[in-house]
Amino acid sequence: GNFRCASGPSEIIHRLITYKLTSVTTEPAGVATGYVGGMFEVRCTADSKPAASFNWTKRGGSGVISSGATLRISDLTTNDTGTYVCTAYHQYASGTASVQLTVEEGRW
């Protein structure tokens, strides 16, 4: 908000701007199951000001595998089993959330 400081005919206006990045979460959260040949989709959200950007990594992997709030993996294989980490960030802060995906053979 704005804050005013006045003394006689002079006045100074200060603006206090707060930045935050909290509550990074995934949906689904925690643990998820996918099936060979199927698709897995997980969305990341963050309570953020300014708006957050998102990157996805696989724990033990070699760098960013996807950008954006939603990670989609199609044609799943058992090699896709692992922990996927969402990093939400802006120029002032960052936070992470993760989901553990297990890919199983056959759906029935």
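**A surface patch and a disulfide**

I17, Y19 and Y92 form a nonpolar patch on the surface, with about 310 Å² of accessible area together. This is a predicted model.

Trainee: Where does I17 lie?
Mentor: In the loop between β2 (10–15) and β3 (20–27).

Trainee: Is I17 buried or exposed?
Mentor: In between. I17 has a relative accessible area of 46%, so it counts as partly exposed.

Trainee: And how many aromatic pairs are there?
Mentor: The count comes to one. Y19 and Y92 make that pair, and it is stacked. Their rings sit 3.9 Å apart, centre to centre, with 20° between the planes.

Trainee: Which parts of the chain does the pair link?
Mentor: Distant ones. Y19 is in the loop between β2 and β3, while Y92 is in the loop between β9 and β10 (93–104). They are 73 residues apart.

Trainee: What about the accessibility of Y19 and Y92?
Mentor: Y19 is partly exposed at 40% relative accessibility. Y92 is partly exposed too, at 44%.

Trainee: New topic. How many disulfides does the structure hold?
Mentor: One. C44 and C86 form it, with their sulfur atoms 2.1 Å apart.

Trainee: What does that disulfide tie together?
Mentor: C44 lies in strand β5 (residues 40–49) and C86 in strand β9 (residues 82–90), so the disulfide joins parts 42 residues apart in sequence.

Trainee: Left-handed or right-handed?
Mentor: The torsion about the S-S bond of C44 and C86 is about -90°, so the disulfide is left-handed.

Trainee: Are these cysteines buried or exposed?
Mentor: C44 is buried, at 1% relative accessibility. C86 is buried as well, with a relative accessible area of 0%.

Terms used:
Residues are numbered from 1 along each chain as its sequence is written. This is a predicted model: local features need pLDDT of at least 70, side-chain atom pairs count only at pLDDT 80 or more; totals for chains, interfaces and linings use all residues. Side-chain values use heavy atoms; hydrogens and water are left out. A disulfide is a pair of cysteine sulfur atoms within 2.5 Å. Helices (H or I, at least four residues) and strands (E, at least two) are DSSP runs, numbered from the N terminus. Buried means under 20% relative accessible area, exposed over 50%, partly exposed in between (1.4 Å probe, protein chains only). Patches are made of residues with over 30% relative accessible area and no salt bridge: like charges are joined within 9 Å, nonpolar side chains (Val, Leu, Ile, Met, Phe, Trp, Tyr) within 5 Å. Accessible areas come from the Shrake-Rupley method with a 1.4 Å probe; for residues, only the protein chains shown count as cover. A salt bridge is a side-chain nitrogen of Lys or Arg within 4 Å of a carboxyl oxygen of Asp or Glu. Rings of Phe, Tyr and Trp (its six-membered ring) pair if their centres lie within 6.5 Å; planes under 30 degrees apart count as stacked, over 60 as edge-to-face and the rest as tilted.
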